[in-house]
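Thanks for coming. I will go through one structure today, and I suggest keeping the sequence and the picture in view while I talk.

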Amino acid sequence: MAASTVPGFLESSIVSPGTAAMMLALTQTIYDEDLAKKLVAKKGVKAVVTEVGGKTSFDDFNERINRAVIGACLNSGIIEKKSNDIHAVIHATEEAKRGLLVSVSTSASLALKIAVSRNEHWIAVALFGKSALHYMTNHERAGLGIMHI
């Protein structure tokens with residue numbers, strides 16, 4: 001089958017850093033993640049993906065998410081070590097966490113995929129994963145935060 005020059009559904013869906021980040025966070029395999037990264041890059045958007053897990057009862061869990069996002073962004077070159085870049089990433093991350101953790105029990109386990117994407121003026125943080133009080137009660141959760149840089 002010949003390759004089409006018409007953009008497919010996924011490529012057409014990447015219209016902002018928010019949609020790019022959410023698409024990346026939703027990928028389930030390395031193959032899908034690599035494909036999504038290529039589509040995102042084709043749109044001129046920088047992106048990085050990382051993961052975090054743990055129990056929400058630990059005091060450092062929220063901070064662990066922040067450290068993972070900031071570290072991934074700095075290590076990948078999405079942001080520079082400047083106060084306005086760090087500030088924007090923290091705000092986007094906090095907004096995404098509010099959406100994700102709005103009704104999570106204080107003793108739930110979380111396994112999250114985190115994607116960050118950025119264009120010239122906006123940065124987006126998407127969180128997607130599973131939460132559970134017991135391994136047989138896993139269910140999916142998502143959060144998205146966007147901030148102007």
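**A charged pair and the sheet beside it**

Let me start with one residue: Glu 33 is buried, at a relative accessible area of 9%. Before going further, please note that this is a predicted model.

What does the side chain of Glu 33 meet? There is a salt bridge between Glu 33 and Lys 37, at 3.1 Å from N to O. Both residues sit in helix H3, which covers residues 30–42, and they are four residues apart, or about one turn of the helix. Lys 37 is partly exposed, with a relative accessible area of 30%. The cut-off for buried is under 20%, so Glu 33 at 9% falls on the buried side, while Lys 37 at 30% does not.

The general point is short. Side chains of opposite charge can pair when their charged atoms come close.

Now the other salt bridges. How many are there by this rule? The count comes to four. One of them joins Lys 97 and Glu 94, with 2.8 Å from N to O. This pair lies within helix H5, three residues apart, again about one turn of the helix. Here Lys 97 is the buried partner, with a relative accessible area of 4%. Glu 94 counts as partly exposed at 28% relative accessibility. Going back to Glu 33 and Lys 37, these two and Lys 113 are joined into one network by salt bridges that share partners.

Another salt bridge is between Arg 118 and Asp 85, at 3.9 Å from N to O. That one links distant parts of the chain: Arg 118 is in strand E2, Asp 85 is in helix H5, residues 83–101, and 33 residues separate them. Are these two buried or exposed? Both Arg 118 and Asp 85 are buried.

Next, the overall layout. The protein chain has five helices and four strands. Read from the N terminus, the order is α-α-α-β-α-α-β-β-β. Of its 149 residues, 41% count as buried. Among contacts with a separation of 6 or more, 62% are between residues 24 or more positions apart. The accessible surface is about 8,400 Å², and carbon and sulfur atoms account for 58% of that.

On to the sheet. In what order do the strands come? The four strands form an open sheet, ordered E1-E2-E3-E4, with antiparallel pairing. Strand E1, residues 46–55, and strand E4, residues 139–148, are at the edges; each has a single partner strand, so one side of each has no neighbour in the sheet. From one strand to the next, the twist averages 15°. As a reminder, strands of a sheet pair through backbone hydrogen bonds, either parallel or antiparallel.

Strand E2 deserves a closer look. E1 and E2 run antiparallel and are joined by 10 bridges. One pairing here puts Gly 54 with Leu 110 in E2. On the other side, 10 bridges also join E2, residues 109–118, to E3, residues 122–132, and these run antiparallel as well. E2 and E3 make a hairpin, with three residues between them. Two pairings can be picked out along the hairpin: Ala 115 stands opposite Ala 126 in E3, and Ser 117 has Ala 124 in E3 as its bridge partner.

How much of E2 is covered? Eight of its 10 residues are buried, so to speak of E2 as mostly covered is fair. Arg 118, from the salt bridge with Asp 85, belongs to this strand.

Two helices should be mentioned alongside the sheet. Helix H2, residues 17–26, lies across E1, E2, E3 and E4, and runs at about 140° to E2. Helix H4, residues 61–76, lies across E1, E2 and E3, and its angle to E1 is about 155°.

Last, the surface. Which residues form a nonpolar patch there? They are Trp 122, Leu 144 and Ile 146, with about 240 Å² of accessible area together. Ile 146 is found in strand E4, one of the two edge strands. Ile 146 is partly exposed, with a relative accessible area of 35%.

To recap, we began at Glu 33, a buried residue paired with Lys 37, and finished at a nonpolar patch on the surface. That is the end of my part.

Notes: Residues are numbered from 1 along each chain as its sequence is written. This is a predicted model: local features need pLDDT of at least 70, side-chain atom pairs count only at pLDDT 80 or more; totals for chains, interfaces and linings use all residues. Side-chain values use heavy atoms; hydrogens and water are left out. Two strands pair if DSSP finds at least two bridges between them. Axes are lines fitted to C-alpha atoms, for helices over the stretch in contact, and angles run from 0 to 180 degrees between N-to-C directions. Contact means heavy atoms within 4.5 Å. Patches are made of residues with over 30% relative accessible area and no salt bridge: like charges are joined within 9 Å, nonpolar side chains (Val, Leu, Ile, Met, Phe, Trp, Tyr) within 5 Å. Accessible areas come from the Shrake-Rupley method with a 1.4 Å probe; for residues, only the protein chains shown count as cover. Buried means under 20% relative accessible area, exposed over 50%, partly exposed in between (1.4 Å probe, protein chains only).
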